[in-house]
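Colleague: I am new to this structure and would like a close look at a single part. Please choose one, walk me through it, and then show me what lies around it.

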Amino acid sequence: MSNTPAQSRSAALYERAKVTLPGGVSRNTVLRKPHPLYADHASGCRVTDIEGVERIDFANNMASLLHGHAHPAIVEAVTEQLGRGTAFTLATEIEVRFAEYLCSRNPGFDKVRFVNSGTEAVMGAIKASRAFTGRPMIAKAEGAYHGQYDYAEVSQTPKPENWGRADSPASAPVAHGTPASALEDVVVIPFNDPERAIAILDRHKDRIACVLLDVLPHRVGLRPAEAEFVEAMRAWTTANGALLVFDEVITFRAEFGGAQDWYEIAPDLTALGKAIGGGFPVGAIAGRGDVMDVMNPLADKVLFPHSGTFSANPITMTAGLVAMELFDKPAVARLNALSQRAVQGIEAAIEATGFEACVTGGGSMFRVHMKRTPPRNYREAFASEEELVRLNLLLDHLFEQGFMMINTCSATISTPMGEAEIDALVAALRGGFERQVEREGQSARSV
Ligand SMILES: Cc1ncc(COP(=O)(O)O)c(C=O)c1O
């Protein structure tokens, strides 16, 4: 018998997982030190791990769950569909109903195509833009995450050593081995800086198929894009024969018709995902009928042939339709008001404790930064080593107190939550701020 201390079930499972899964995980997001936790079951906004510990879930599977876990209406509808079959080499009525419903939520959605992930939706929107314009290049904002397609991935995580000049950001690869040709076909623009962005776009104006934009980009700071910037991108694309593509994979939950409702302009195409799947894998491309028709298999010349084995499978369509119908205008407004309550509470806690932090957000999402000034772009949002240490201390504190957050200290609200859950999170954050202020005071005194 060894003297190894008794391990938790999660620790033991992780040892096994490392043998067959690279790093022991299937998605890097769930990695935690010293080991990930393993979910056992969940209901509403509470998740219980296999150790039996229950936490309030503000991560919501990376912003994809609007109604928390195991919503009875979704469970019932999906269970019924499971018994009738999960995927066919036939179309289904439910995909037509869901397409009609999504198009009814946004006047700019003439047509929609379903896919299986946000990555695929962004990829499809880029390929549709290329097919429509006959041009090879795309433009995207520095630091914005758009999934894993080679082109969409460029400059997703640049660092000071490779991000280049502010007036001309470098096209930095994420994955080793990304072809140079992919980097060359992506123009990186600074977020919220219309003048510099246009100067960069102008240099490639005859070759740009689309400007890809997330108007509330998580990694760029989770602060809504300034109207002047969004309008400038709309005007530039219109004037130069390019398309404006919004990535609303996360932000569609921000308003009834998506975060684009905040602006007076509309994109040509929108990539959707996450929440519209009602808890199942999903993506969709929606937008202008003439652009969407590049995928029309009945056209004389099909410019962008498009398919996918599990696209529009009836399980996802069923869950998605129920989830989105439940997320009606009053539900959107209620979640946004709860998020606003959280932001105000966190701001008050920062003020009261003097902790060096700020909070940004929009719709039903917010993010706590370890810096005093809300960032306007990726370089301002970039966390220093010292900020990362403070961030991780805060996340650990929240976790111990029973709260699951996205690992940037971002949160999303779900409909099973009420003021009690919001106020509990604010109180836990305040406790975390106080602990760190105390600790920082002690370390300052001991220097
Ligand atoms: C803005 C945005 N676009 C695209 C994606 C990719 O979506 P998926 O993980 O479903 O491929 C994500 C995922 O986090 C996202 O946040």
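Modeller: Let us begin with one sheet and then work outward from there.

A word on the source: this is a predicted model, in which local features need pLDDT of at least 70 and side-chain atom pairs count only at pLDDT 80 or more, while totals for chains, interfaces and linings use all residues. Residues are numbered from 1 along each chain as its sequence is written, and side-chain values use heavy atoms, with hydrogens and water left out.

The part I have picked is an open sheet of seven strands with mixed pairing, in the order β4-β12-β11-β10-β9-β5-β8. Its edges are β4 (111–115) and β8 (186–189); each has a single partner strand, so one side of each has no neighbour in the sheet. Direction ignored, neighbouring strands are turned by 20 degrees against each other on average. Some terms will help here. Helices (H or I, at least four residues) and strands (E, at least two) are DSSP runs, numbered from the N terminus, and two strands pair if DSSP finds at least two bridges between them. In general, strands of a sheet pair through backbone hydrogen bonds, either parallel or antiparallel.

Now look at β5 (residues 137–141), which runs parallel to β9 (residues 208–213) and is joined to β9 by four bridges. Here I138 stands opposite C210 in β9. Helix α8 (residues 194–202) packs on this sheet, where it touches β5, β8 and β9, and its direction makes about 160 degrees with that of β8. Such angles run from 0 to 180 degrees between N-to-C directions, with axes as lines fitted to C-alpha atoms, for helices over the stretch in contact; contact means heavy atoms within 4.5 Å.

Strand β5 is also joined to β8 by four bridges, and these two strands run parallel. I138 comes up again here, with V186 as its bridge partner in β8. On β8, V186 and V188 point one way while V187 and I189 point the other way, and all are buried. Buried means under 20% relative accessible area, exposed over 50%, and partly exposed in between (1.4 Å probe, protein chains only).

Which residue is found in the loop between β10 and β11? It is D268, in the loop that links β10 (243–247) to β11 (269–273). Its relative accessibility is 5%, so D268 counts as buried. The D268 side chain makes polar contacts with two arginine side chains: R234 at 2.9 Å and R288 at 2.8 Å. A polar contact is a pair of N or O atoms within 3.5 Å; within protein, one must be able to donate a hydrogen and the other to accept it, and residues adjacent in sequence count only if both atoms are side-chain atoms. With neighbours within four places in sequence left aside, the residues in contact with D268 also include A242, L243 and L244, as well as A286 and G287.

Next comes the ligand. It is surrounded by S117, G118, T119, Y145, H146, G147, D214, D247, V249, I250 and K274, where a residue is near a molecule or strand if one of its heavy atoms lies within 4 Å of it. A polar backbone atom of G118 is 2.8 Å from an oxygen atom of the ligand. An N or O atom in the side chain of K274 is likewise 2.8 Å from an oxygen atom of the ligand. For D247, a polar side-chain atom lies 2.7 Å from a ligand nitrogen atom.

Another loop, between β9 and α9 (227–239), holds V220. With a relative accessible area of 2%, V220 is buried. Not counting residues up to four places away in sequence, V220 touches E142, G143, A144, F191, N377, Y378 and A381.

Finally, return to the edge strand β4. Helix α4 (residues 93–105) has buried residues that pack against β4, α11 (314–326) and α12 (329–353). Those buried residues are I94, F98, A99, Y101, L102, C103 and R105. The 13 residues of α4 should span 18 Å at 1.5 Å a residue, and its end C-alpha atoms are 19 Å apart, which agrees; the expected span is 1.5 Å times one less than the number of residues.
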